[in-house]
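Thanks for coming. I have one structure to go through today, so please look at the sequence and the model on the screen.

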Amino acid sequence: MLDLWHDCVQSVINRPLPTDSPSLSKGTMAQIRRLSKPPIREAIIEFQIAPLVDIVPEEIFEKWSIAPTYSDTKVQHSFTALFDITQDLIPEVKTDKKTIGGCMLHDTERDIAVQIMQNRLTINKTAPYTNFDELRNEARHFWAQYRTSLRVEQVQRIGLRFINEVVPAKPLQHYILSELLPQGTLPNEAANSYYRYELRRSETLGALVQIVVENDTITSLPTRLILDIDTFSTRAYQASDDAIWEEIVKKLHSLKNELFFAMITEDFAKECE
């Protein structure tokens with residue numbers, strides 16, 4: 001039932017779309033280009049590493065250079081406890097330990113959040129989204145401090161995720177291609193529809209695509225459309241390798257664009273220009 005959608009999107013993974021397409025008619029796949037008003041709700045870059053057991057969490061953030069705009073800082077604690085069960089079946093705390101497991105920084109002026117953990121670094125930019133350079137530059141700044149302070153030698157996974165959200169004012173066919181959904185139809189009658197696929201371009205490069213359609217339970221009209229595209233690389237890289245930025249992050253961003261424009265119509269793309 002879902003083979004058609006999977007084959008269509010898989011073809012995008014395996015064969016990049018041309019950027020010099022001729023004029024496109026209504027209902028056809030959109031041409032790849034920069035949009036001045038993209039429907040991006042969140043843009044996220046995440047680096048995952050092997051958990052570091054020889055690092056003292058309380059010392060991670062002491063020497064970081066953090067812009068004054070990151071005025072909202074929250075420490076994330078972890079709590080571990082061991083219990084003994086008495087003959088009366090009453091638990092008694094034997095030992096307990098509270099440590100700093102991470103930190104959340106928030107730039108309230110630019111709507112950027114940074115989560116710093118012992119096994120990952122996540123940079124999140126919420127709407128309004130301006131351009132990819134802002135997110136990438138912020139991530140590069142924090143990654144340099146992260147790998148230095150935690151003495152990271154290798155990154156295991158790099159992810160780039162864009163969550164697009166649309167409040168439909170027109171039928172769904174105006175926004176997404178009907179042939180990319182099961183049996184070439186759009187879910188106009190279901191209360192909620194959810195599609196999730198993991199696609200691969202190579203052994204270490206792929207994407208997780210999720211489409212969510214929320215409909216009014218009374219009128220059956222769509223109230224929200226979410227196109228969630230998470231591109232990722234599972235190839236191991238040295239933490240100081242410039243290829244992380246010049247090759248992998250750039251490639252993930254390009255793949256995200258290919259998938260996004262493969263799912264939307266040219267008419268909708270024009271509205272986002």
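**Thr-122 and its surroundings**

Thr-122 is buried, because its relative accessible area is 11% and the cut-off for buried is under 20%. Before I go on, please note that this is a predicted model. Thr-122 sits in strand 5. Its side chain makes a polar contact of 2.7 Å with the side chain of Glu-46. Which residues does Thr-122 touch, not counting residues up to four places away in sequence? There are two runs: Ile-44, Ile-45 and Glu-46, and then Ala-113, Val-114 and Gln-115. Glu-46 therefore appears both as a residue that Thr-122 touches and as the side-chain partner at 2.7 Å, with polar contacts counted within 3.5 Å.

**The whole chain**

Now let me step back. The protein has 273 residues, and buried residues make up 43% of them. There are 4 helices and 11 strands. Take the contacts between residues at least 6 apart in sequence: 71% of these join residues at least 24 apart. The protein exposes about 14700 Å², and carbon and sulfur atoms supply 50% of that.

On confidence, the average pLDDT is 79, and 70% of the residues score at least 70. Residues 1-5 have pLDDT below 50, and that stretch has 15 contacts in the model beyond near neighbours in sequence. Residues 15-26 are also below 50, with 18 such contacts.

**The core and helix 3**

In soluble globular proteins, nonpolar side chains tend to be buried together. Here the largest nonpolar core has 62 residues. Which of them touch the most other members? They are Phe-47, Val-114, Leu-121, Trp-143, Tyr-146, Leu-225 and Ile-244. Helix 3, residues 243-263, gives the most to this core, with 11 residues.

Val-114, one of those core residues, is also touched by Thr-122. Phe-47 is another member of that group. Leaving aside neighbours within four places in sequence, Phe-47 is in contact with Asn-119, Arg-120, Leu-121, Trp-143, Val-155, Arg-157, Ile-158, Ile-244 and Trp-245.

Back to helix 3. Is helix 3 largely enclosed or largely open? Of its 21 residues, 16 are buried, so the helix is largely enclosed by the rest of the structure. The length also checks out: at 1.5 Å a residue, 21 residues should span 30 Å, and the end C-alpha atoms are 29 Å apart, which agrees.

**The end of helix 2**

Helix 2 covers residues 132-149, and Ser-149 is found in it. Ser-149 counts as partly exposed because its relative accessibility is 25%. A polar atom of the Ser-149 side chain lies 2.9 Å from the backbone oxygen of Gln-145. For the backbone oxygen of Tyr-146, the distance to a polar atom of the Ser-149 side chain is 3.3 Å. Ser-149 and Trp-64 are 85 residues apart along the chain, and their C-alpha atoms are separated by 8.1 Å.

After that comes Arg-151, in the loop between helix 2 and strand 6, which is 154-155. Its phi is near 55 degrees, a positive value in a residue other than glycine. Is Arg-151 buried or exposed? Arg-151 is exposed, with a relative accessible area of 54%.

On the other side of helix 2, in the loop between strand 5 and helix 2, we find Pro-128. A cis peptide bond joins Ala-127 and Pro-128, with omega about 10 degrees.

**Asp-107 and Asp-111**

Two aspartates to finish. Asp-107 is in strand 3, residues 91-107. Asp-107 counts as buried because its relative accessibility is 0%. What lies 3.0 Å from a polar atom of its side chain? For Asp-107, that is the backbone nitrogen of Glu-109. Leaving aside neighbours within four places in sequence, Asp-107 is in contact with Thr-69, Tyr-70 and Ile-112.

Asp-111 is in the loop between strand 3 and strand 4, the latter being 112-117. Asp-111 has a positive phi of about 55 degrees although it is not a glycine. At 25% relative accessibility, Asp-111 counts as partly exposed, whereas Asp-107 counts as buried.

That is the end of my part.

Terms used:
Residues numbered from 1 in each chain as written. Predicted model: local features only at pLDDT ≥ 70, side-chain atom pairs only at ≥ 80, totals over all residues. Heavy atoms only, no water. Core = buried A, V, L, I, M, F, W, Y, C linked by side-chain atoms within 4.5 Å. Buried < 20%, exposed > 50% of the residue type's maximum accessible area, 1.4 Å probe, protein only. Contact = heavy atoms within 4.5 Å. Areas by Shrake-Rupley, 256 points an atom, 1.4 Å probe, with all protein chains shown as cover. Expected span 1.5 Å × (residues − 1). Polar contact = N/O pair within 3.5 Å; in protein donor to acceptor, adjacent residues only side chain to side chain. pLDDT = per-residue confidence, 0-100.
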